[in-house]
Amino acid sequence: MNVDIDQDTVDTINAGEASIHEPGLEERIAEHAGDRLHATTDYDAVRETDVTFLALPTPSAEDGRIDTSIMQAGAESLGEALAGKDDHVVVVKSTVVPGTTEDVVAPALERGGFDDATLAMNPEFLREGSAVADFLDPDKVVLGADDDRALEDMHAVFDPLVDHADAPVVETDTRTAEMVKYANNGFLAAKVSLINDIGNICKEYGIDAYEVADAIGLDDRISEQFLRSGVGWGGSCFPKDTSAIISAAKDEGYDPAVLEAAVELNDRQPERLLSLLDDHVDVAGERVAVLGLSFKPGTDDIRNSRAVPVIDGLHDRGADVVAYDPVATEEMAEKRPDVEYAVSAREALEGASGAVVVTDWDEFAALDEEFDAMTEPVVVDGRRIIERRDGITYEGLTW
């Protein structure tokens, strides 16, 4: 049973369709909608269940802290629906700073009229663009609970998946489970920023950072994952989670210098990409193609996409921007109507004096004669997806 306040989302799910672009998701919704999967806007549906997962947005406030207003509103509505019911397990799925489940969610449930909740925490580690695969084959399942009942019920939910995927299970307390998600994303964000920093240094010496990454990735202590240097990270998780844990740490009187440096370096990468374009062409009054708008391939999510600061930087330089993305054009057009949008990479490149690659969609790797349509074929690649070829001036961001 899925409860959502948006009627369009509910109708889409019940029709067997997905409301977002996520490989493999629509097929599974179509298979189970009306049978094992049903969506509704009626919170009272939870009364017939034993466990409720709260998977609600916790966006960043202006000061970087998480905004729990949506979480509180959802928990209050859940409390109203559960009022008078015996013990019910409520599992927080959203990313929240340590103490939120106990100090924010529990009081919100009580304000709604339900004071007999058994609380737990189960952070998710799904990557957009591969969420279905990540769910079916997880690296780990983290179960955070301070009560045996909650732990037992979460095991009942996840044991079939754990048995199928042979995934390790981490049993811990609620506050530790809350922290695991931030530690996970903070570490990965810092790793990406570190390899970008190393990559920037490599570029200054005329060294291919990817050759360096291949070598250091053989060290088991480092591994080859998240060593693809480029224009930086975006999306909904890394920016929000790093900001939240930085703010939470400062609230406790600690200065998280490494995480702050990771954010600062990430914020500089789009401008570094554009500076390489500046080395070859004055873009003022010129047509410049931006290839890729989603924050990563496999999704139409443009939240914190590196394309946004790239577009802003091009506009500041007086360029005429034309952009293309296989699936995210409509989403970006709603946010940035001041940009021309092409229906293909070829159309975007037509008559352009420069091109920048922001998202590593596979179709960009197949581009070849399309570059011949450019008036001045300067290509700055932020994701190492374009092959060097005769007839174009090619610059890699860190190679």
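## A salt-bridged fold, residue by residue

At 31% relative accessibility, D312 counts as partly exposed. On this scale a residue is buried under 20% relative accessible area, exposed over 50%, and partly exposed in between, with a 1.4 Å probe and protein chains only. The model you are looking at is predicted, with local features needing pLDDT of at least 70 and side-chain atom pairs counting only at pLDDT 80 or more, while totals for chains, interfaces and linings use all residues. Residues are numbered from 1 along each chain as its sequence is written, and side-chain values use heavy atoms, leaving out hydrogens and water.

**Overall form**

Let's step back to the whole chain. The protein has 14 helices and 13 strands, where helices (H or I, at least four residues) and strands (E, at least two) are DSSP runs numbered from the N terminus. Its radius of gyration is 23 Å, close to the 21 Å that the globule rule gives for 399 residues, so the protein is as compact as a globular protein of that length. That radius is taken over C-alpha atoms, and the globule rule is 2.2 Å times the number of residues to the power 0.38. Along the principal axes, the C-alpha trace spans about 70 × 45 × 40 Å.

Of the 399 residues, 49% count as buried. The accessible surface comes to about 18,900 Å², and carbon and sulfur atoms hold 48% of that; such areas come from the Shrake-Rupley method with a 1.4 Å probe, and for residues only the protein chains shown count as cover. Contacts reach far along the chain: among those between residues at least 6 apart in sequence, 72% join residues at least 24 apart. Contact here means heavy atoms within 4.5 Å.

**Salt bridges**

Side chains of opposite charge can pair when their charged atoms come close. A search of the whole structure finds 24 salt bridges, each being a side-chain nitrogen of Lys or Arg within 4 Å of a carboxyl oxygen of Asp or Glu.

One of them brings us back to D312, whose side chain meets that of R336 at 2.6 Å, N to O. R336 lies in the loop between α12 (329-335) and β10, and D312 in helix α11 (residues 307-316), so this pair ties together parts that are 24 residues apart in sequence. R336 is buried at 11% relative accessibility.

Another salt bridge joins D251 to R65, with the closest N and O atoms 2.4 Å apart. This pair links distant parts of the chain, 186 residues apart: D251 is in helix α9 (residues 238-251) and R65 in the loop between β3 (51-54) and α3 (69-82). With D63 added, D251 and R65 make up a network of salt bridges.

R303 pairs with D301, and the closest N and O atoms there are 2.7 Å apart. R303 is partly exposed at 48%, whereas D301 is buried at 8%.

**Two buried positions and a surface patch**

Q269 sits in helix α10 (residues 257-278). Beyond the neighbours within four places in sequence, Q269 is in contact with N196, N200, G230, V231, G232 and L397.

A342 belongs to the loop between β10 (340-341) and α13 (345-349). Not counting residues up to four places away, A342 touches V322, A323, Y324, E347 and A348. From A342 to D279 the C-alpha distance is 26 Å, across 63 residues of sequence.

On the outside, L126, F135 and L136 make a nonpolar patch of about 240 Å². Patches are made of residues with over 30% relative accessible area and no salt bridge; like charges are joined within 9 Å, and nonpolar side chains (Val, Leu, Ile, Met, Phe, Trp, Tyr) within 5 Å. L126 is found in the loop between β5 (117-121) and α5 (131-136).

Here are accessibilities for several residues, including two cysteines.

| Residue | Relative accessible area and class |
|---|---|
| Q269 | 1%, buried |
| A342 | 5%, buried |
| C202 | 7%, buried |
| C237 | 24%, partly exposed |
| L126 | 35%, partly exposed |
| R65 | 35%, partly exposed |
| D251 | 44%, partly exposed |

How many disulfides are there? With a disulfide taken as a pair of cysteine sulfur atoms within 2.5 Å, the count comes to zero.
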